[in-house]
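Subject: Handover of the structure

Hello,

Here is the structure for you to take over. Please open it first, then read my notes below.

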Amino acid sequence: MNQTRTFLTFALLAVAYLLWMAWDKDYSPKPAPAPVASASSAAVPSADNGGNVPTASSSAGAAAVPATGGSATEAKAQLITISSDVLRLTVDTRGGSVVRSELLHYPSEPVTKKDPSPAPVRLLDEQPEHYFAAQSGLASAQGNGASVAPTHLSVFESAQSAYQLAEGQNELKVDLSWHDAAGFKVTKSYTLKRGSYDVSMQQKIENGSAVAWQGNAYEQLQRAGQPNNRSWLQNYTDPAAHSFFGAGWYSPQDKFETLAFTDYQKKPLNRPITGGWAAMLQHYFVVAWIPPAQEANGYSTSIVNPDTAQPYYLIRTVGPSLTVAPGQSAIAGSRLYLGPKLQGTLDQVAPGLELSTNYGWLTVISQPLHWLLSKLHGISGNWGVAIILLVLLLKAALWKLTAAQFRSGARMRKLQPRVTALKERYGDDKMKMQQAMMELYKKEKVNPMAGCLPILVTFPVFLGLYRVLMESVELRQAPFFGWIHDLSAPDPFFVLPAIYVLVMLGTQWLTPTTGMDPTQAKMMKVMPILFAVLFAFFPSGLVLYWVINGATSLAQQWFITRQVDQAEHKAKTA
């Protein structure tokens with residue numbers, strides 16, 4: 001194996017890996033298209049009737065089975081807004097569900113002169129084609145004439161239509177109330193804190209009736225499937241298309257697990273978990289219900305209305321059984337995280353929540369790379385500069401390995417005329433040709449395997465950094481210099497891919513072609529064009545990494561080649 005074969009193998013592996021991801025995203029089975037429902041002031045999916053309200057459970061932590069039958073309350077509901085300095089929530093008084101969340105510090109599009117104030121990212125959304133809601137309620141045990149507590153379909157009352165965190169105020173609490181004629185009352189409260197995406201939700205149960213109430217508190221996330229109406233090229237060039245989209249949950253025993261919408265029917269979740277959380281995951285952002293750590297909750301997934309063209313995917317947690325005697329009260333609470341996948345802070349919100357940044361099987365490489373990149377960003381203040389510093393650190397760590405590689409390559413380049421003579425001598429006898437070449441390498445102390453080890457190290461780093469750049473919200477819309485305003489998006493003018501082509505051509509000029517057959521020679525000539533097309537659609541941060549890596553390698557290769565030439569010249573003149 002010579003350096004050229006190793007380079008070709010690496011290049012083809014990289015291309016195959018990335019094309020496979022694009023193909024899998026485009027042609028793997030897709031969930032049914034999102035439903036189309038009529039809009040209303042309180043946009044609840046048409047399938048959202050009593051069929052997705054859980055039944056009360058008699059045992060703590062057991063996963064409740066969805067009830068059948070029932071219908072939504074027909075009373076008129078309204079939408080209210082609750083705003084902090086970082087979040088703007090829209091709450092539907094039908095159920096007190098959060099049906100829209102806007103992340104005020106995360107614009108949906110890059111800031112430009114034409115659009116200096118783009119709309120914020122909308123995570124939860126009441127629009128039918130993108131429906132995504134965080135719901136909560138109480139499941140009542142039936143019988144004994146007890147009151148039926150409000151579910152996520154019951155209509156609450158609000159004193160105001162809008163609430164705003166005031167200047168100097170660190171916390172904003174909003175109460176929604178529900179009561180029946182028998183004196184049974186439930187107050188659902190949302191508490192937002194300054195600078196936090198972590199929202200506290202409490203359901204206070206006050207039993208003013210004459211009969212004890214039994215039931216369970218529950219929380220659930222419900223969303224429409226991702227429509228698949230884009231072309232293969234759109235899926236390939238959009239970073240979000242390569243990020244996991246579906247449900248996820250965490251338990252201290254089994255750690256982090258995910259469930260794609262396409263697997264909902266084949267691998268449903270249904271088990272008790274203590275100290276975990278349930279989430280819906282997407283590119284850069286996550287929404288998660290986080291029950292109290294000491295409670296055993298029943299976790300389950302289901303599809304609402306699965307046999308129609310209007311499915312909704314649901315993940316639910318059901319709390320332990322509650323009993324509230326007449327004249328007594330109880331509080332059931334949970335936390336709702338709606339925000340970015342910020343590494344270094346999510347583990348402070350809940351154990352394991354940092355795993356929602358799903359690097360997949362590259363986690364063991366990507367997490368340390370993200371940590372190192374974050375430290376370098378803290379020093380430089382620019383993510384592009386941090387990427388350059390990361391390359392320089394990696395090159396310094398691998399200096400001796402790559403120096404041995406280039407030194408061997410320079411010596412092999414000197415042997416090219418002798419290898420050509422061997423080809424002419426042995427003709428088509430490849431076995432004798434290989435034996436003669438190995439003897440020549442041994443005599444001249446050239447190791448053709450020297451190029452393998454650096455590639456084996458840098459290729460996983462390349463893939464790990466690819467996942468970091470694709471998944472890390474910190475690099476979303478992060479500017480570099482000049483024309484690059486977003487390191488997570490392709491270079492708008494293809495300057496970096498063009499520079500990399502020049503780097504590849506320089507590398508080819510210094511790379512020995514000893515032992516290369518005509519097919520390999522043709523592939524080497526095509527590689528710059530192939531990589532130019534490939535990198536044209538890559539995040540510019542990744543292309544920047546590869547340009548700096550290639551340029552430093554080229555400089556090192558030129559330096560080592562010059563050293564070998566000088567040493568050989570001295571030996572001849574001595």
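Glu 102 is buried, at 9% relative accessible area. Bear in mind that this is a predicted model. My notes start with charged pairs, then turn to strands, backbone and surface.

**Salt bridges**

How many salt bridges does a search of the whole structure find? The count is eight. Side chains of opposite charge can pair when their charged atoms come close. Here are some of the pairs.

Glu 102 has Arg 88 as a salt-bridge partner. Their closest N and O atoms are 2.9 Å apart. Glu 102 belongs to strand β3 (residues 97-107), and Arg 88 to strand β2 (residues 87-92), so this pair ties together parts that are 14 residues apart in sequence. The acid of the pair is buried. Arg 88 is partly exposed, with a relative accessible area of 29%.

Asp 125 pairs with Arg 122 in another salt bridge. The closest N and O atoms are 3.6 Å apart here. Asp 125 is buried, at 10% relative accessibility. Arg 122 comes out at 34% and counts as partly exposed.

Asp 198 forms a salt bridge with Arg 335. In this pair the closest N and O atoms lie 2.5 Å apart. Which parts of the chain does it tie together? Asp 198 sits in strand β10 (residues 198-207) and Arg 335 in strand β20 (residues 329-340), so the linked parts are 137 residues apart in sequence. Asp 198 has a relative accessible area of 17%, so it falls under the 20% limit and is buried. Arg 335, at 28%, is partly exposed.

There is also a network. Asp 254, Glu 257 and Arg 271 are joined into one by salt bridges that share partners.

**The nine-stranded sheet**

What is the strand order in the open sheet? It runs β6-β8-β9-β10-β20-β16-β15-β12-β13. Nine strands take part, and the pairing is antiparallel. The edges are β6 and β13 (255-260), each pairing on one side only. Both β10 and β20 are in this order, next to each other. They carry Asp 198 and Arg 335, respectively.

Strand β8 (residues 171-179) is worth a look. One face is covered: Leu 172, Val 174, Leu 176 and Trp 178. The other face is uncovered: Glu 171, Lys 173, Asp 175, Ser 177 and His 179.

Now the neighbours of β8. Strand β6 (residues 157-158) pairs with β8 in the antiparallel sense, over two bridges. Ser 158 stands opposite Leu 176 of β8. Leu 176 is one of the residues on the covered face. Strand β9 (residues 184-193) also runs antiparallel to β8, and nine bridges join the two. Asp 175 has Ser 189 of β9 as its bridge partner. Asp 175 belongs to the uncovered face of β8.

β8 and β9 form a hairpin, with four residues between them. Gly 183 sits in the turn and has a positive phi of about 100°.

**Positive phi outside glycine**

Two residues to check sit in the loop between α9 (452-471) and α10 (495-510). Gln 477 is found there, and so is Phe 494.

Gln 477 has a phi near 60°, a positive value in a residue other than glycine. Phe 494 is not a glycine either, yet its phi is positive at about 60°.

Is each of them buried or partly exposed? Gln 477 is buried, with a relative accessible area of 17%. Phe 494 is partly exposed, at 44%.

**A nonpolar surface patch**

Which residues make the nonpolar surface patch? They are Trp 399, Trp 558 and Phe 559. The patch covers about 330 Å². Trp 399 lies in helix α6 (residues 399-414). Trp 399 is partly exposed, with a relative accessible area of 40%.

That is the handover. Over to you.

Best regards

Terms used: Residues are numbered from 1 along each chain as its sequence is written. This is a predicted model: local features need pLDDT of at least 70, side-chain atom pairs count only at pLDDT 80 or more; totals for chains, interfaces and linings use all residues. Side-chain values use heavy atoms; hydrogens and water are left out. A salt bridge is a side-chain nitrogen of Lys or Arg within 4 Å of a carboxyl oxygen of Asp or Glu. Buried means under 20% relative accessible area, exposed over 50%, partly exposed in between (1.4 Å probe, protein chains only). Two strands pair if DSSP finds at least two bridges between them. Patches are made of residues with over 30% relative accessible area and no salt bridge: like charges are joined within 9 Å, nonpolar side chains (Val, Leu, Ile, Met, Phe, Trp, Tyr) within 5 Å. Accessible areas come from the Shrake-Rupley method with a 1.4 Å probe; for residues, only the protein chains shown count as cover.
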